[in-house]
Amino acid sequence: MRYSQYLLPTLKETPGDAEVISHQLMARAGMIRKVAAGIYDYLPLGLRVIRKVENIVREEMNRAGAIELLMPSVVPADLWEETGRWQQYGKELLRIKDRKDTEFCFGPTHEEVVTEIVRGTVNSYRQLPINLYQIQTKFRDEIRPRFGLMRGREFIMKDAYSFDLDDAGASASYEKMYQAYRRIFERCGLKFRAVEADTGNIGGSSSHEFMVLAETGEDDIVSCDACEYAANVEKAELRPSTTLASATQPLVEVDTPNRKTIEEVSAFLKVAATQTVKTLIVQNERKETLAVLLRGDHDLNEIKLCRLLDCNEIEMASEETVQAVTGAPSGFAGPVGLKVRIIADQEVQGLSDYVIGANALDTHFVGANHGRDFAVETFADLRQAQAGDSCPRCEGALEVWRGIEVGHVFKLGTKYSEAMGATVLDDQGQDRTLVMGCYGIGVGRTAAAAIEQNHDANGIIWPMPLAPFQIIISVLNPNAAEVLEAGETLYAQLLERGIEVLLDDRDERPGSKFKDADLLGIPLRVTVGARGLKEQCYELQNRRSGERAMLPMVEAATQLAAQVHSALNAEAGG
């Protein structure tokens with residue numbers, strides 16, 4: 001491709017609404033163009049990267065035995081009504097009507113549609129297992145679309161759905177997809193972790209998120225420094241304390257004037273935060289009020305608490321509710337004398353003689369002990385994991401990372417198949433409800449995450465498997481016939497060898513060409529100039545390492561092709 005004939009509108013200035021680096025660089029590199037909030041044009045350079053991701057995904061899905069199809073983007077409401085999601089799904093669901101006032105939605109996900117296909121075409125266990133996938137545009141009406149392709153409203157997604165006769169078959173299908181996802185992100189040249197995750201509103205029994213590791217990631221994940229255990233902090237299991245609590249001090253009320261935070265109280269009383277217990281007054285969606293106890297230096301994991309209480313939502317009680325329950329303003333709540341349910345994190349079970357609020361302004365208790373001073377209904381794992389916690393699988397310690405979710409796999413069970421009557425006959429002639437799994441990859445999000453992980457002050461640094469072009473040839477003076485001819489010759493030789501090349505034949509200053517090459521992030525840059533031609537050489541620069549080398553013109557095409565293939569194999573783990 002010749003730069004002079006290509007639609008590649010690079011920008012010198014960063015758009016004002018571009019907050020994260022991937023959005024900034026994709027806009028500046030002429031890859032995307034905003035049409036509306038969370039909706040983007042994929043310009044030619046950006047589309048080349050999208051197709052790279054899609055091709056890797058498609059090859060690995062096919063290799064795992066999945067079958068590609070294409071379902072409609074616009075889905076009739078009656079399918080969603082069968083599963084109850086038409087009423088349950090929030091405002092993210094874009095609901096539309098046709099000229100006959102028939103209701104539809106622009107599909108954010110396709111469990112209902114694919115289940116309808118299978119229930120109408122698969123009727124025997126002999127047709128199982130089956131896994132159907134598509135690569136398609138989705139729409140979710142995000143309340144605050146931001147970060148470019150990281151959190152858009154319209155986006156490209158690969159979604160797959162497996163159907164099996166029983167749980168054992170569903171687990172085997174899940175494992176196939178799990179391994180396929182590992183290969184996909186390895187082939188994309190990305191550093192990632194597969195982490196245990198909460199199933200959220202998709203439902204199901206278990207799930208894993210595939211997280212690209214990047215400092216700008218939105219999610220916190222933990223992983224063991226000694227084994228393969230990794231989980232989203234919302235899902236991370238924590239090993240219970242083995243310490244046995246034993247009271248040695250009496251309960252004593254003390255004044256703590258104008259001190260109500262853990263930091264203020266522990267400093268005033270000269271005790272470690274680990275020897276304090278905070279009492280959170282919370283309510284679920286049914287407006288049931290309860291007290292949750294946590295060690296002072298720990299944070300509540302609301303998802304774990306919701307799971308324990310079998311509710312959908314937990315929120316901190318209002319100031320009025322706290323006052324009514326405890327008799328004191330926020331910051332002085334404690335479990336002694338409370339008339340509501342008291343639930344505590346398992347770590348509290350191993351504590352004794354600790355500091356708690358005394359349910360009175362500017363007052364705390366020291367020497368508090370559960371069992372003696374108050375009763376706890378349940379001890380459970382209720383806190384967020386943090387760096388240094390013990391691994392629940394081995395003797396290692398947990399590390400905390402920032403991650404960007406690019407893929408998610410779910411064991412759905414029979415949530416959708418049962419609601420929609422998707423059954424087959426087993427070998428005994430009996431009806432069996434199909435057991436499902438679903439598996440998603442954000443295609444554009446994967447491209448954006450690659451930039452978040454691979455960039456510097458000058459621009460993008462593409463992993464070779466995702467690069468829109470593998471080599472850029474910068475012709476320094478295209479008005480000089482011999483220089484342009486040398487660039488054209490190398491360009492043709494590389495194309496013959498199947499290499500993807502961008503020939504920068506523009507009549508621009510060398511500095512401008514080099515800046516654009518760095519911004520675009522193409523892995524290898526070959527400079528063709530009069531000085532090199534005198535020595536019958538081209539200059540090669542590696543975008544990632546910055547290393548430079550001189551290539552003899554007669555060997556250049558062969559050596560460059562070999563470098564591209566070597567980099568493709570190395571970055572994909574081959």
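Me: Buried means under 20% relative accessible area, exposed over 50%, and partly exposed in between (1.4 Å probe, protein chains only). What percentage of the 574 residues in the chain is made up by buried residues?

Reply: In this predicted model, buried residues make up 52% of the 574 in the chain. Residues are numbered from 1 along each chain as its sequence is written. Because the model is predicted, local features need pLDDT of at least 70 and side-chain atom pairs count only at pLDDT 80 or more, while totals for chains, interfaces and linings use all residues; side-chain values use heavy atoms, with hydrogens and water left out. The exposed area of the chain is about 25700 Å², of which carbon and sulfur atoms supply 48%; such areas come from the Shrake-Rupley method with a 1.4 Å probe, and for residues only the protein chains shown count as cover.

Me: How many helices and strands are in the chain?

Reply: Helices (H or I, at least four residues) and strands (E, at least two) are DSSP runs, numbered from the N terminus. This chain holds 15 helices and 31 strands. Along the principal axes, its C-alpha atoms fill a box of roughly 95 × 70 × 50 Å. With contact taken as heavy atoms within 4.5 Å, 69% of the contacts between residues at least 6 apart in sequence join residues at least 24 apart.

Me: How should strand pairing be read, and what is the order of the open sheet of three strands?

Reply: Strands of a sheet pair through backbone hydrogen bonds, either parallel or antiparallel. Here two strands pair if DSSP finds at least two bridges between them. The open sheet has the order β4-β6-β5, and its pairing is antiparallel. Its edge strands, each pairing on one side only, are β4 (74-76) and β5 (94-97). The twist from one strand to the next averages 40 degrees, where axes are lines fitted to C-alpha atoms (for helices over the stretch in contact) and angles run from 0 to 180 degrees between N-to-C directions. Between β5 and β6 (residues 103-106) there are four bridges, and Ile96 stands opposite Phe104 in β6.

Me: How many residues lie between β30 and β31 in their hairpin?

Reply: Five residues separate β30 and β31 in the hairpin, and Gly546 in the turn has a positive phi of about 80 degrees. The two strands, residues 537-542 and 548-552, run antiparallel and are joined by five bridges. Across the pair, Tyr538 faces Leu551 in β31.

Me: Which residues have the most contacts inside the largest nonpolar core?

Reply: In soluble globular proteins, nonpolar side chains tend to be buried together. A nonpolar core is a set of buried Ala, Val, Leu, Ile, Met, Phe, Trp, Tyr and Cys residues joined through side-chain atoms within 4.5 Å. The largest here has 62 residues, and Met31, Tyr181, Phe185, Phe210 and Trp462 have the most contacts inside it. Beyond its neighbours within four places in sequence, Phe185 is in contact with residues including Leu190, Phe192, Phe210 and Ile441. Another core, of 27 residues, lies apart from it, with Leu132, Tyr161, Phe410 and Met436 among its members.

Me: Why is there no bond between the sulfur of Cys224 and that of Cys394?

Reply: A disulfide is a pair of cysteine sulfur atoms within 2.5 Å. The sulfur of Cys394 is the closest to that of Cys224, but at 3.5 Å it is too far for a bond. Cys391 is likewise in no disulfide, its nearest cysteine sulfur being that of Cys224, 3.6 Å away. By this rule the count is zero disulfides. Cys224 is buried at 5% relative accessibility, and Cys391 is buried at 0%.

Me: How should backbone angles be read, and which peptide bond is cis, with omega near -5 degrees?

Reply: Most residues other than glycine have a negative phi, and most peptide bonds are trans. The cis bond runs from Leu128 to Pro129, and Pro129 is found in the loop between α5 (111-121) and β7 (130-139). Lys287, although not a glycine, has a positive phi of about 65 degrees; its loop lies between β14 (277-284) and β15 (289-295).

Me: Is Lys287 buried or exposed, and is Asn359 buried or exposed?

Reply: Lys287 counts as exposed because its relative accessibility is 52%, whereas Asn359, at 14%, counts as buried. Asn359 also has a positive phi, near 60 degrees, and lies in the loop between β18 and β19 (363-368).
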